[in-house]
Amino acid sequence: MNVIFAVVFLGAALVFLLADPEGFLPAMLAGGEKAASVCLALLASYCVWLGFFQVLEKCGLSRRLARALYPAARRLFRSEDRQALALACQNIAANLLGLPGAPTPLGVAATQKFLAAQNGYAAEMLFVLNATGLQILPTTVLALRAAAGSASPADILLPTFLATLLSTLLGAALVCFTALPLRRKKRRPA
């Protein structure tokens, strides 16, 4: 992948250099400056939300939320493993809040526990829920819109919630639907 990006960059730079040699260096510097400012805005957003998640964890709110979600998660993931379900619930809660980077280690740990218990269905469901990414507060997109100078960066909250809700419901339904034939095969005597 790095080779492809390098070839594309070098090809574009060569074309730009041949087409407008005087504008090449100023354009490169302006692009680098803009990239650095966006990176700093994202870094600030990540620091704030990861700090927020750490505060939630230290005061025990994330464990309480996981405990409150446990009955629904038990049915959704078809698992009795309390530790794996707690990790999965914390992963989903972090995704709901749009906390960048925080859900990944929780999701990996939950998936490892589900797979160790030979519960492929739960691992698949967690993967789909992460991929569809139901979000109440898309903090990364809000930070990018604010960094780009948007007059009202929060205008995307309702459309984002509705789109991710629809994709999450559809993804979960497809996982349940594809798991039905497997359950029927297991019930039939050989």
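## Exercises on a predicted model

R67 counts as exposed, at 58% relative accessibility (exposed is over 50% relative accessible area, buried under 20%, partly exposed in between, with a 1.4 Å probe and protein chains only). The model is predicted, so local features need pLDDT of at least 70 and side-chain atom pairs pLDDT 80 or more, while totals for chains, interfaces and linings use all residues. Residues are numbered from 1 along each chain as its sequence is written, and side-chain values use heavy atoms, leaving out hydrogens and water.

**Exercise 1.** Find R67 and work out which surface patch it helps to form.

*Solution.* Step 1: go to helix 3, where R67 has its place (helices are DSSP runs of H or I, at least four residues, and strands are runs of E, at least two, numbered from the N terminus). Step 2: look for its partners, R63, R64 and R82, which together with R67 make a positive surface patch. Patch members have over 30% relative accessible area and no salt bridge, with like charges joined within 9 Å and nonpolar side chains (Val, Leu, Ile, Met, Phe, Trp, Tyr) within 5 Å; a salt bridge is a side-chain nitrogen of Lys or Arg within 4 Å of a carboxyl oxygen of Asp or Glu. Lys and Arg count as positive, and the charge of Arg is placed at CZ. Step 3: see where the patch comes from; helix 3 (residues 61–77) gives the largest share, 3 residues.

**Exercise 2.** Which residues form the nonpolar surface patch, and which helix supplies the largest share?

*Solution.* Step 1: mark F9, L10, L25, M28 and L29, whose accessible area together is about 530 Å² (by the Shrake-Rupley method with a 1.4 Å probe, counting only the protein chains shown as cover). Step 2: sort them by helix. Helix 1 (2–19) and helix 2 each bring at least two residues, and the largest share, 3 residues, belongs to helix 2. Step 3: check one member, L29, in helix 2; L29 is exposed, at 55% relative accessibility.

**Exercise 3.** How many disulfides does the model have?

*Solution.* Step 1: recall that a disulfide is a covalent bond between the sulfur atoms of two cysteines; the cut-off here is a pair of cysteine sulfur atoms within 2.5 Å. Step 2: apply this rule, and the count is 0 disulfides. For C47, the nearest cysteine sulfur belongs to C39 and is 13 Å away, and C47 is in no disulfide. Step 3: try C89. The closest cysteine sulfur, in C176, is 16 Å from that of C89, so it is too far for a bond. C89 is also buried, with a relative accessible area of 3%.

**Exercise 4.** Look at R78 and Q118: where does each residue lie, and what is its phi?

*Solution.* Step 1: remember that most residues other than glycine have a negative phi. Step 2: R78 has a positive phi, near 50 degrees. R78 sits in the loop between helix 3 and helix 4 (82–96) and is partly exposed, at 33% relative accessibility. Step 3: Q118 also has a positive phi, about 55 degrees, without being a glycine. Its loop runs between helix 5 (103–116) and helix 6 (120–132), and Q118 is exposed at 74% relative accessibility.

**Exercise 5.** Set the sequence separation beside the C-alpha distance for Y121 with A179, then for K34 with V55.

*Solution.* Step 1: Y121 and A179 are 58 residues apart in sequence and 7.3 Å apart in space. Y121 belongs to helix 6 and is buried, with a relative accessible area of 12%. Step 2: K34 and V55 are 21 residues apart in sequence and 32 Å apart in space. K34 is in helix 2 (residues 21–58) and is exposed, at 61%.
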